[in-house]
Amino acid sequence: MADKHNAETIITETQKRISSAFEVFDHESNKTVDVREIGTIIRSLGCFPSEADLHDIIAELEEEEPTGFVRYEKFLPTMTKILLERKFRPITEDLLLQAFEVLDQQKKGHLEPEELTRYLTQEGEPFTQEEMDEMLSAAVDPDKNVILYKDFVSMMTFDDTR
Amino acid sequence: MGCGVTKNSEFNRKFDKDGNAIPAAITMKAAVLIQRWYRQYAARMEMRRRYTWNIFQSMEYADLQDQIKLYNFLGYLMDNFTPSSSERNLISHIFRDNEVCRDAEWERYFNYTNIDVPEIYSGPRLTFPLDMDQAADLVEAFKNKQQLHSRYVLQLLLETWKLLRVLPNINRVSTCHSKEITICGDLHGQLEDLLLIFYKNGMPSLEKPYVFNGDYVDRGKDSIEILLILFAFLLVFPGDVYLNRGNHEDHIINLRYGFTKEVLNKYKLHGKRILKLLQKIFSWLPLVTVIDQRVLIVHGGISDTTDLALIARIDRHRYVSALRPPKRKTPSRTNVYADSERYDEMIICKNRRGSLTFPKPFGARESFQRRSLQDFSSTVARTLEEEFEVRRRQAEFSMSRFSKSHRSLSSTLSSDSEPESSELIDTGNDEWKQILDLLWSDPMPQDGCIPNEVRGGGCYWGPDVTEDFLNRHNLQLIIRSHECKQDGYEFCHNRKVLTLFSASNYYEVGSNRGAFVRLGPDLVPYFFPYQATSMTRGLSFPQNVKRTEHTALKVLREQLFVHKSDLLRAFQEIDKENTGLICLNDWASAIERVLHLDLPWRVLHPQLVSSTTEGKLDYQGWFRDLALKKPSSEHIEQTMLETLYRHRSTLETIFRIVDTDNSGLITFEDFRQTLKLLSAYLKKEISDEVINELVISTDTNNDGSIDIDEFMEAFRLVDKSRLKRGKSLLKLMQDNESLPQVTETPQIVYSTAPQTSHCPASQPADPPASNTTDSACLQTANTPASQTADSPGSLTEGCPASQMEDLCHITVVVVPPQ
């Protein structure tokens with residue numbers, strides 16, 4: 001019985017979290033958000049979906065005739081399921097580091113901005129120029145003009161734990 | 001749908017020990033991983049940025065509401081005290097009419113010719129009529145932190161006043177001769193931004209007309225300098241510089257938001273006269289500018305009753321403060337204030353008799369009854385309480401701006417009070433409402449037009465109202481300001497309304513950009529966003545967010561701390577078994593009830609609460625963690641201190657009102673009276689003992705007077721929590737380069753570290769006179785004497801290599817000396 005109670009509590013807590021996050025982007029206070037903000041909301045709740053994942057989710061959430069908005073009634077059950085099933089789990093620091101190391105083919109211990117830019121704007125799910133610029137502004141060491149990815153990763157993940 | 005976690009082994013397997021090229025599939029996987037991770041990080045930053053913004057805005061609006069409330073309260077007192085009562089005398093002067101004397105008499109009062117300018121004065125010495133060089137010199141002088149001598153200030157203001165008096169309410173501008181017109185929004189005393197605009201765009205001239213859309217003063221520290229510059233250019237190029245009035249061009253507002261204080265501090269001898277002259281000037285500022293009969297530029301906005309023909313006919317200078325309708329010359333009405341503030345009427349739906357502007361139950365206006373403040377407290381308190389309750393509910397609803405409850409409440413209001421309020425509206429009131437709407441309104445996404453209770457004046461107007469208005473007047477675009485926007489500008493209402501805001505870093509360094517707009521004969525707006533920064537290093541986006549968030553949270557923690565008693569009571573009501581613990585939900589709802597700030601508390605809670613046990617919070621411990629050092633005076637009871645601190649803005653405003661000679665000092669007796677006024681306003685008793693204690697605790701000059709600034713200083717709270725966090729603080733510092741200097745209120749942060757030279761690293765010479773290509777990027781050299789230990793890297797906020805003209809960013813380093 002305690003389990004059932006716990007399960008209920010967890011669900012309620014989860015739904016409250018979802019509702020709060022949704023609220024932040026509900027500018028007109030009418031229980032809808034712009035579909036373009038869905039990704040931000042989902043990610044801010046701790047999930048790490050890829051763009052492709054998001055695409056699928058949004059397809060589920062949109063109306064028959066897409067209005068450009070997503071309603072809370074649809075969002076809540078979908079998001080609850082995502083959180084309870086722990087989909088799109090976080091990327092660990094180790095894994096992230098390894099990913100950078102893979103890109104650092106010459107094993108220099110750092111990456112040139114142009115290198116990283118090339119990879120991230122041409123491969124995988126490419127960054128927009130704006131995204132790339134933003135990341136570079138945080139990642140590039142201004143003295144040496146390179147990305148010391150080990151430091152970068154540990155700095156960013158420290159941030160995560162705050 | 002996979003869960004997206006890539007197995008470690010996949011990477012390991014592909015590492016080639018000879019360092020050979022790794023197959024493309026793996027680099028792709030790595031790229032995807034990094035992208036996925038970074039997007040998540042960016043989303044969290046965005047969330048933080050968003051709620052930080054909410055925090056600042058709701059606090060800003062809460063403060064504004066306070067101001068309106070206070071003003072109404074004082075107005076009410078005015079109506080209900082005998083003319084000879086001491087309390088009334090304290091405040092009556094702000095309601096006194098200006099039109100009693102003729103202009104010629106006023107010119108005598110503002111006479112500057114007997115003010116001598118000492119030899120050693122090294123600032124600009126103006127000769128009239130002004131010319132372009134003098135205006136440019138003035139800009140240069142202010143850039144170098146010089147101050148214009150009061151003689152020249154008065155002279156300049158007098159000339160400005162003469163000019164403004166012949167200008168119409170509606171400026172009409174044309175873009176003939178292929179002139180491009182530059183439009184700027186709120187500047188709020190931020191000289192850096194004006195200088196930046198001039199640098200980027202050139203100074204006003206025959207070829208370079210400008211429209212400035214109000215709110216030149218308050219909040220920032222160089223309001224008077226901005227005014228002097230704008231007026232100088234107005235005098236030199238009267239056909240090419242257009243100034244609109246903003247809601248802050250209003251002496252009542254200035255009392256609270258810093259302009260009055262700034263002038264009095266900078267001009268100790270003649271400040272009062274300068275302020276008086278400015279009062280007149282503000283009232284003579286035109287209300288609206290129209291370009292090519294197609295584009296309307298106004299500070300706030302419109303309402304469903306805005307009528308340009310009517311506006312053209314108004315005697316605008318009768319409205320010295322937009323908060324108060326002018327006294328009617330005909331004594332026909334028993335109470336002039338009864339027909340004011342339609343909004344007040346609408347708000348007091350429950351008990352109209354108790355309205356602040358409708359004092360019927362307390363006797364008709366002609367027969368004042370002698371009352372002391374004490375007598376009044378009880379009767380006033382009753383109605384005040386109701387009024388505040390309604391307003392508080394309004395505030396609650398308004399904060400979650402367009403919530404359903406808000407709309408239903410306002411419809412309740414209109415149905416309740418419509419029949420009654422309509423009979424009180426007459427043409428005088430109409431005119432006044434027109435001005436209020438122009439200066440105070442905000443757009444909203446929904447159709448319709450409702451009173452703007454958040455600000456306390458003007459309306460919220462919808463896209464249908466815009467459509468109707470534009471059609472009626474044959475216009476195509478409304479450009480307005482009044483609201484801070486992340487990127488300095490924002491469209492709404494199907495791109496028919498443009499909000500333009502020119503004060504960058506308004507809430508905090510890095511909080512937002514400012515922007516100006518250029519319109520050519522095609523009337524297509526071109527945007528130029530910018531951001532002035534006093535850091536020697538450009539902050540990355542995450543750093544900006546973190547820094548701004550840090551300030552917002554600090555302010556929020558302060559709010560929580562000063563509501564401690566109320567919060568504790570609320571918590572204890574919930575925690576009936578006295579466990580000392582409270583769950584998150586209850587924590588959030590209690591805070592919302594007490595603070596009346598509609599913020600996403602659950603989203604914020606990780607930032608405000610350091611730890612929970614099993615999802616429950618130890619609230620006593622939490623208060624200890626907030627750990628702010630109270631203002632000293634152990635003898636004064638905690639709740640009283642909290643009350644005073646919470647209302648310190650109001651208290652300071654009342655002080656400044658009471659300080660009739662604007663000396664910055666008030667007598668003990670006046671001080672006492674002030675606190676009694678506050679006590680009546682808050683409906684909270686402030687005993688004589690407390691007052692005495694306060695008087696003693698302020699280190700006065702021992703001459704029977706209290707220095708207002710010194711007294712308010714005693715109310716600073718010190719954030720001790722920073723000291724506690726030790727190691728993580730160090731890390732935070734590394735992230736943020738340096739913590740923001742102590743600011744107690746969400747105002748503009750100016751680094752207070754002493755600098756010996758003011759170095760506008762942007763340029764050594766005058767700004768370019770010609771129109772440089774807009775895609776040019778400006779790199780700035782770094783400044784000497786950098787106060788951080790950082791490497792002297794060059795300051796860059798590179799222009800994104802885009803072809804879009806409106807994305808040219810420049811960052812100018814301006815290091816303010818102390």
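The structure, a predicted model, holds 16 cavities of 30 Å³ or more. A cavity here is a set of points, on a 1 Å grid over the protein atoms alone, where a 1.4 Å probe fits but cannot get out. The largest has a volume of about 110 Å³, a volume being the space filled by probe spheres set on the points, which are joined across faces, edges and corners. Its lining comprises 17 residues, and Glu60(B), Arg219(B), Arg455(B), His482(B) and Tyr506(B) lie nearest the centre; lining residues have an atom within 4 Å of a point.

As to conventions, local features need pLDDT of at least 70, side-chain atom pairs count only at pLDDT 80 or more, and totals for chains, interfaces and linings use all residues. Residues are numbered from 1 along each chain, chains are lettered from A and ligands numbered from 1 in the order written, and side-chain values use heavy atoms, without hydrogens and water.

I turn to a helix pair in chain B. Helix α8 (residues 223–236) and helix α11 (residues 271–284) of chain B have axes that come within 14 Å and cross at roughly 55 degrees. Helices are DSSP runs (H or I, at least four residues), numbered from the N terminus; axes are lines fitted to C-alpha atoms over the stretch in contact, with angles from 0 to 180 degrees between N-to-C directions. In this contact (heavy atoms within 4.5 Å), α8(B) contributes Ile224(B), Leu227(B) and Phe231(B), and α11(B) contributes Leu278(B), Ile281(B) and Phe282(B).

Methods: Helix = DSSP H or I, 4+ residues; strand = E, 2+ residues; numbered from the N terminus. 1 Å grid on protein atoms, 1.4 Å probe; cavity = no way out; pocket = protein on both sides within 12 Å on 5 of 7 lines; lining within 4 Å.
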